[in-house]
Every structure is written in structure tokens, then in C-alpha cells.
Amino acid sequence: MKRSYVMVLVLLSFMVVGYATISTAIEMTGKANLAYNEDDFRVEITNLKINDVDSLIQISEDKKSFTFSGTGNEIIEYTVTNFSYQYDTNISLTCIPDDNILVKQIGNLEAQNKETREVTNTSLNEVTCMINIEKISRTEYADEMCQIAKGYEWTFNYTGSEQEFTIPCSGEYKIELWGASGGYYPQSLYKRSSLGGYVAGEINLNKRKNLYIYVGQQSTVDKTFNCSNNDYSPAGGGATDIRLENGNWDNFNSLKSRIIVASGAGASGWNALGGQAGGLNGYTSTGYNVSTGSNYMGKGALQNSGGLGGENNAESNGKFGISGTTSGGVSGGGGYYGGGGGYGVVNIDHGAGGGGSSFISGHNGCDAISESSTEENIIHTGNSFHYSGLKFKNTVMIDGAGYSWTNVKGAYTGMPSHDGKSTMTGNSGHGYAKITYLG
């Protein structure tokens, strides 16, 4: 039997800023007619406050009405949510009896939105208020249906600044991040970098939501993007992360909004190898220093604290999102928490930096911080879920030495290469990010 197909060429316009690799044309093969889904339509009263007191118990079981007993002095805030994707609505509220009742109407309520309005009551009656719902088909819906093919990818290289990505379609996405490798002295005993880490997970995201992608830098000089502001080289590798708030890479509120972080590796010193980027915990640097041995070594970061700096120098301890630095020494790796900086004596001897730690909202063993945290008072919750409520499933966390982490360090697995066609021990060079639409 001969099959008929329609080939549709759809031009897409996404707000993707930076060096994101995108295609502006998608070919779709299949039926061209698009039908409405009646089951998609759902509109409910989702919140109710009477004189600023939560009164959800007054909402009916079908969530289409609420009842209250008037005392002659009520201000009632009611919230209506349109959960539909395909339908807008027109909402009006009717109260019975309506004596001495003033209603502020919602009116048009677009798909996937909610609105709050007030009812003022000066009566002493028992009053029941009901929402009247007019369903409005979205005539433009066929044009707005997601035209992205499953498996479509966006990739992000290091740019030295944030890269904005606007979610084009509501649905499931796979996010993969690679942290940057650490810097090193080309003339030193260790003429190689410690390696960056890898994290991945699947997450449900709504259309038009903005994500901010910070891809870590690998640098043999001083300051490093998404790692440190060290004035001495070499520097640790920058973390690669995704945030809900933009800003300078070291802005605390922006750092606080990170929902997934791939750690960077610590910088190598003159006679010491930087700590590999971490899973839940970063690696401590290794090697030998002529002057004082291991005391110069920066320690790996943890889930709730930065790595300790070499020589127990508090100024070179890692911090939340920022690696440790020190005068004359090298910096730790970037990460959820930064690795400790290696202590150094200029032109004589240098310890190496510790690796940063990684984080995934929803990954067992991660320790998220409270939304009320400040730069001076970081409050850990003891659970893995970011305060935004966004969380990943099917998470993967692999450190720069190639070991996989659940809530503890596991076996050696290696990590995927950027194109996913092979494996490698850890990431070398700048960081990298990839977002895949799963449908």
C-alpha cells in the first residue's frame, strides 16, 4: 500500500545567545492535520485567602467554587489556574447571594497561566462564589505546536560569558555538562592538566523558560571564568553549570540559582598535579613539594564546604561556587563548591589546587542550599532538591578520574565524549554543554 506523507519545512526562531549550535530549519514527515485534545482542558481555583489567611479548605472538591460565612468585613483573594496548553479561557466569578459583594473579575486567562483577583464582602451572609468558564480554542495553536524533533541537540562552547537559552517546547530535556580541566606550568614536572567532571540528567521544562548556561574555562593564566579571580597562574578549571538567574559568574544570587554543576579540576603546581574534578567530592592534589611536602596541597571540595587551602591558609579555602586562591600559588577547580588553592612561594615552589565538587538537583547525596541563604550565611537543607522545585531524574555524575558517583564513589566507567560516540576518562580543555530534546 502506498503511503502519503507531507513534508513541512518550519522556520524556527529561538532566543539562544552565545555560541549555541542550532539549526533554523526542521523537516517533519507525517500527517499535516493537527487535532485539539479535549482532555487537555482543565481550569481550577487553586488558592484562596480570606483576610490574608490561607483558606484552601473553603474551596469545593471540584475546585470550581468556594463558600464563606460573611462577618461584614472580608477581603478574599482567589487564584484561578488554566492548566491547559491548547485553550485560553474567559473567567467570570458569580457570588450568591450577591448583596454587598464587590467582585474584581479575571477575564481572559491564557493557557498555562494563573491570575489572582479580590472579592470584597460587607454582608453577614453565607456566600458561595462560582467560576464561570468559557473555553476559547487557540486558533494559533497549530503554529505553536512543538516542531522540534525528538533527539534534537543544542551545544554550547566556552565563550567567557553567560549564554541564554529559552525553552522552545514544553517537555523532557536531557542536559549534559562537562567541567574544564586545570591549568599547568608548561615548564614544570607535571606538563599536563587534571581533568574536568561530567554530570547529566533529564528534566521537565516549560516553554519560554529561560536558562543561563555558564561554560567553564581552561586557562594557563590567572583569572578563570566560572572558577577564580586568582592573580597568579596557572588557574584551576572552570565549572560548567546551568542557572535560573543571570549575572556575573561569581554573583552569589546567580550562583545560588544553579540547578546542575559539572566541576572543574584544580591547577597543577611546579611539582604537583592538581586534584581531579569531583563527583560529590573533589580530589585533593597530589605530588611532592621540595620545601614542605604535602602541606602545600589544596584539598578537594565537598557538598557543604570548599576545599581547604594549602598550608592551612584560610584565605585560600574554596567557597560556594568559587575556588580557593592564594598569593603566589595556584587556584583550585571551580564547582558547586570550589577546591582549595595550592600554597606557593613565588618562583620557588608551588602546591597544586584541589578539585571542585559537582551538584545535580535530585541526585542522591547532593546537599542543596535554602533559598534564604546569603553569601554570609549559607544554609544547607540536607536534601538534594533545589529550592526552585526543578529536579532531574536518571542522573549521572562522573568525576575527572572517570569514576561514577551515586551517593558514594563507585567504579571506573569513564565519561561520554562531547559527541557521545566514545568515552574518555575526563574532560580536557574548556568545558562544554549539550541540551537534547526528548519530547
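Biologist: Is Glu44 buried or exposed?

Modeller: This is a predicted model, in which local features need pLDDT of at least 70, side-chain atom pairs count only at pLDDT 80 or more, and totals for chains, interfaces and linings use all residues. Residues are numbered from 1 along each chain as its sequence is written, and side-chain values use heavy atoms, leaving out hydrogens and water. Buried means under 20% relative accessible area, exposed over 50%, and partly exposed in between (1.4 Å probe, protein chains only). Glu44 has 12% relative accessibility, so the class is buried.

Biologist: Which side chain meets Glu44 in a salt bridge at 3.2 Å?

Modeller: A salt bridge needs a side-chain nitrogen of Lys or Arg within 4 Å of a carboxyl oxygen of Asp or Glu. The partner, at 39% relative accessibility, is partly exposed. With an N to O distance of 3.2 Å, the partner of Glu44 is Arg42.

Biologist: How many salt bridges does this rule give?

Modeller: One of them joins Glu115 and Arg117, at 3.3 Å from N to O. Glu115 is partly exposed at 32%, and Arg117 is partly exposed at 25%. By the rule, the count is six.

Biologist: How many residues apart in sequence are the parts that Lys434 and Glu176 tie together?

Modeller: Lys434 and Glu176 form a salt bridge, with their closest N and O atoms 3.8 Å apart. Strands here are DSSP runs (E, at least two residues), and helices are H or I runs of at least four, numbered from the N terminus. Lys434 sits in strand β29 (residues 432–437) and Glu176 in strand β14 (residues 171–178), so the sequence separation of the parts they tie together is 258 residues.

Biologist: Are Lys434 and Glu176 buried or exposed?

Modeller: They are a salt-bridge pair. Lys434 and Glu176 share one class, buried.

Biologist: Which residues do salt bridges that share partners join into one network?

Modeller: The Arg42–Glu44 pair has already come up, at 3.2 Å. Shared partners make one network of Arg42, Glu44 and Lys63.

Biologist: Which residues does the disulfide join?

Modeller: A disulfide is a pair of cysteine sulfur atoms within 2.5 Å. The search of the whole structure finds one. Both of its residues are buried. At 2.1 Å from S to S, the pair is Cys95 and Cys129.

Biologist: In which strands do Cys95 and Cys129 lie?

Modeller: The torsion about their S-S bond is about 105 degrees, so the disulfide is right-handed. The pair ties together parts 34 residues apart in sequence, because Cys95 and Cys129 lie in strands β7 (residues 87–96) and β11 (residues 126–137).

Biologist: Which residues have the most contacts inside the largest nonpolar core?

Modeller: A nonpolar core is a set of buried Ala, Val, Leu, Ile, Met, Phe, Trp, Tyr and Cys residues joined through side-chain atoms within 4.5 Å. Contact means heavy atoms within 4.5 Å. The largest core has 47 residues, and those with the most contacts inside it are Trp154, Ile175 and Ile260.

Biologist: How many residues does the second, separate core have?

Modeller: The largest core takes two or more residues from each of several elements, including β14, α2 (252–256) and β29. The second core is separate and includes Ile45, Ile76, Val80 and Ile106; its residue count is 20.

Biologist: What share of the 439 residues in the chain is buried?

Modeller: The chain has two helices and 29 strands. Among contacts with a separation of 6 or more, 65% link residues 24 or more positions apart. Of the 439 residues, the buried share is 50%.
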